[in-house]
Amino acid sequence: KELADKLYGTDVKSKEYAFRRAAIVRDETLYGEEKQKQLAELNEAMWGDESANVDAHRNAYNQYQETLQIYEKDLKASASEEARQAKLKELREKHFSPEVVAKFEAIDQQMAEEAKREEDYRKQAETIRSNEALSETKKEAQLRELQEQIFGNDAEAFRRREAIREGREKLVKDSPVSADDLPKASQE
């Protein structure tokens, strides 16, 4: 038993720690501060004086992803989108340099603009589809023209995403399988 503890004790302890840590991080009933407190207690209980060095070897991106999981309930419970974005920025600033945080914000802005374009397209497309004065051929032509106008060089990629989305919707509609069991369509 003594030899086994010396040979495998650290490995077993590391695995036990990983399981216990994951259970805290993934607990959907706790808010971020409660999880942080429990993680600090776990670190102290399992690693003692070395608890401060536990996360030192992990890269910033992995730490950030875990932090997002820790604060997931807080982010969902945000009073507004602005409050959610402010919390996200705060979490990013804990793990990344100002340059990387700025890149995240640029990506967020780009994604918001893309979502807005798609929302605008869907509203205008619905108007075209509901116009009974147009034949199906004219509707399709106007929809393609609208896609070119709104998405420009990305119109073809949008059409592929739409075909995947529509195919998935048809599959869900025609299938007895739950929509949650089907894979999500990926973004290009």
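Visitor: Hi! How far apart are the end C-alpha atoms of helix α6?

Guide: Hello! They are 46 Å apart in this predicted model. Helix α6 covers residues 98-129, and at 1.5 Å a residue its 32 residues should span 46 Å, so the two values agree.

Visitor: Nice. Which residues of α6 are buried?

Guide: V101, F104, E118, Y121, A125 and I128 are.

Visitor: And what do those buried residues pack against?

Guide: Four other helices: α3 (60-70), α5 (81-95), α7 (136-151) and α8 (155-174).

Visitor: You listed E118 there. Which salt-bridge network is E118 part of?

Guide: E118 is linked in a network with E114, R117, R122, R161, E162, R165 and E169.

Visitor: How many salt bridges does the structure hold?

Guide: There are 22 salt bridges.

Visitor: Let's look at one in α7, then. Which residue does K139 meet in a salt bridge?

Guide: The side chain of K139 meets that of E136, at 3.7 Å from N to O. The two are three residues apart in helix α7, so about one helical turn separates them.

Visitor: Are those two buried or exposed?

Guide: One of each! E136 is exposed, with a relative accessible area of 55%. K139 has a relative accessible area of 10%, and because the cut-off for buried is under 20%, K139 counts as buried.

Visitor: A buried lysine, okay. What does K139 touch further along the sequence?

Guide: Leaving out residues up to four places away in sequence, K139 touches I128, R129, N131 and L134. I128 is also one of the buried residues of α6.

Visitor: Switching to the nonpolar side: which residues touch the most other members of the largest core?

Guide: That core has 16 residues, and Y17, L39, L42, Y64, I70 and F96 are the ones touching the most other members. Helices α1, α2 (32-47), α3, α5 and α6 each supply at least two residues of this core.

Visitor: Where does I128 belong, then?

Guide: I128 is in a second, separate core of 10 residues, which also includes L146, I150 and F151.

Visitor: Back to I70 for a moment. What is I70 in contact with?

Guide: Setting aside neighbours within four places in sequence, I70 contacts V25, Y31, G32, K35, Q36 and L39. L39 is another of the residues that touch the most other members of the largest core.

Visitor: What about α2: which salt bridge does E41 make?

Guide: E41 pairs with K37 through their side chains, at 3.9 Å from N to O. They sit four residues apart in helix α2, so the separation is about one helical turn. E41 is partly exposed at 45% relative accessible area, while K37 is exposed at 56%.

Visitor: And in α5, what does R84 bridge to?

Guide: R84 forms a salt bridge with E81, and their closest N and O atoms are 3.6 Å apart. Three residues separate the pair's positions in helix α5, which means about one helical turn. R84 is partly exposed, with a relative accessible area of 30%, and E81 is partly exposed too, with 44%.

Visitor: Last one: which residues make the nonpolar surface patch?

Guide: L3, L7, Y8 and V12 make a patch of about 460 Å². L3 lies in helix α1, residues 2-25, and L3 counts as exposed at 58% relative accessibility.

Note on methods:
Residues are numbered from 1 along each chain as its sequence is written. This is a predicted model: local features need pLDDT of at least 70, side-chain atom pairs count only at pLDDT 80 or more; totals for chains, interfaces and linings use all residues. Side-chain values use heavy atoms; hydrogens and water are left out. The expected span of a helix is 1.5 Å times one less than its number of residues. Buried means under 20% relative accessible area, exposed over 50%, partly exposed in between (1.4 Å probe, protein chains only). Contact means heavy atoms within 4.5 Å. Patches are made of residues with over 30% relative accessible area and no salt bridge: like charges are joined within 9 Å, nonpolar side chains (Val, Leu, Ile, Met, Phe, Trp, Tyr) within 5 Å. Accessible areas come from the Shrake-Rupley method with a 1.4 Å probe; for residues, only the protein chains shown count as cover. A salt bridge is a side-chain nitrogen of Lys or Arg within 4 Å of a carboxyl oxygen of Asp or Glu. A nonpolar core is a set of buried Ala, Val, Leu, Ile, Met, Phe, Trp, Tyr and Cys residues joined through side-chain atoms within 4.5 Å.
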